[in-house]
Amino acid sequence: MSKFWAIKDDVQTVPYVDLERYMGLCDEIDSYQKWFEKGLTDVSAYYAIDGNSVNVINAGYKNGKLKRAKGRAAVEEGWGNARLK
C-alpha cells in the first residue's frame with residue numbers, strides 16, 4: 001500500500017460523518033500536491049453521493065486546458081460513513 005493512502009495507527013475515526021454536508025464543489029486553496037494535480041492551477045473537487053458511494057471529480061487547468069481526474073469511493077459498512085475505500 002502506498003504511504004500516501006496508509007492510515008496511521010494514531011489516527012482515530014470519528015463515529016459518524018454526515019456525508020451530505022461535504023457534497024458539492026470545493027475550491028482548493030492549498031494542499032499537498034497529488035500526482036493528478038501536478039502543474040495544475042485553479043484546482044477544484046466536486047463530490048457527489050451515488051448510492052453507497054462517493055464520486056469525486058478533481059479538475060484544474062494546465063496550459064489553458066481543463067484536465068480532470070475521476071474517482072469513486074465506497075462507504076465501508078459499520079463505520080457510520082466515516083471510512084471510505
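# A walking tour, starting at Asn81

Select Asn81 to begin: at 25% relative accessibility, this residue counts as partly exposed. Before you go further, keep in mind that you are looking at a predicted model.

**Stop 1: Asn81 and its backbone**

Asn81 sits in the segment after strand 4. What is the sign of its phi, given that Asn81 is not a glycine? The angle is positive, at about 65°. As background, most residues other than glycine have a negative phi. Keep Asn81 highlighted for a moment, since this residue is one of the contacts of Leu19, which comes up shortly.

**Stop 2: the whole chain**

Now zoom out and switch to a cartoon view. How many helices and strands does the protein have? There are 0 helices and 4 strands, so the order of elements from the N terminus reads β-β-β-β. Colour by accessibility next: of the 85 residues, 19% count as buried. With the surface turned on, the protein exposes about 7,100 Å², and carbon and sulfur atoms supply 52% of that area. If you like contact maps, take those contacts with a separation of 6 or more: residues 24 or more positions apart account for 25% of them.

**Stop 3: Leu19, before the strands**

Select Leu19, in the segment before strand 1. Is Leu19 buried or exposed? Leu19 is buried, with a relative accessible area of 13%; the cut-off for buried is under 20%. Show the residues around Leu19, leaving out those within four places in sequence, and you will find contacts with Ile49, Val54, Val75 and Asn81. The last of these is the residue from our starting point. Draw a C-alpha to C-alpha distance from Leu19 to Ile49 and the value is 8.0 Å, for two residues that are 30 apart in sequence.

**Stop 4: a nonpolar patch on the surface**

Move on to Leu25, which belongs to strand 1, residues 24-27. In contrast to buried Leu19, Leu25 counts as exposed, at 58% relative accessibility. Which residues join Leu25 in a nonpolar patch on the surface? Add Tyr46 and Ile57 to your selection: the three together have about 290 Å² of accessible area.

**Stop 5: Asn58 in strand 3**

Next, select Asn58, which lies in strand 3, residues 53-62. Asn58 counts as buried, at 16% relative accessibility. What does Asn58 touch once its neighbours within four places in sequence are set aside? Its contacts are Phe36, Glu37, Ser44, Ala45, Lys67, Arg68 and Ala69. Showing these as sticks, with Asn58 in another colour, makes the surroundings easier to read.

**Stop 6: Asn63, in the loop**

Follow the chain to Asn63, in the loop between strand 3 and strand 4. Here is another residue with a positive phi that is not a glycine, and the angle is about 55°. Asn63 is exposed, with a relative accessible area of 75%.

**Stop 7: Leu66 in strand 4**

Pick Leu66, which is part of strand 4. Leu66 is partly exposed, with a relative accessible area of 39%. Not counting residues up to four places away in sequence, Leu66 touches Ala59, Gly60 and Tyr61. Then draw a C-alpha to C-alpha distance to Thr41: the two are 9.6 Å apart in space and 25 residues apart in sequence.

**Stop 8: the salt bridge**

How many salt bridges does a search of the whole structure find? The search finds 1. To see this salt bridge, select Asp50 and Arg72, whose closest N and O atoms are 3.1 Å apart. Asp50 lies in strand 2 (residues 41-50) and Arg72 in strand 4 (residues 65-74), so the pair ties together parts that are 22 residues apart in sequence. Turn the surface back on to compare the partners: Asp50 is partly exposed, with a relative accessible area of 37%, while Arg72 is exposed at 53%.

**Stop 9: a ring with a charge over it**

Finish with Trp79 and Arg83. Where does Arg83 lie relative to Trp79? Arg83 lies over the face of Trp79, at 3.7 Å from the ring centre. If you go looking for aromatic pairs, a search of the whole structure finds 0.

Methods
Residues numbered from 1 in each chain as written. Predicted model: local features only at pLDDT ≥ 70, side-chain atom pairs only at ≥ 80, totals over all residues. Heavy atoms only, no water. Patch = residues over 30% accessible without salt bridge, like charges linked within 9 Å, V, L, I, M, F, W, Y side chains within 5 Å. Areas by Shrake-Rupley, 256 points an atom, 1.4 Å probe, with all protein chains shown as cover. Salt bridge = Lys/Arg side-chain N within 4 Å of Asp/Glu carboxyl O. Helix = DSSP H or I, 4+ residues; strand = E, 2+ residues; numbered from the N terminus. Buried < 20%, exposed > 50% of the residue type's maximum accessible area, 1.4 Å probe, protein only. Contact = heavy atoms within 4.5 Å. Phe/Tyr/Trp six-rings, centres within 6.5 Å; stacked < 30°, edge-to-face > 60°. Lys NZ or Arg CZ within 6 Å of the ring centre and 35° of its normal.
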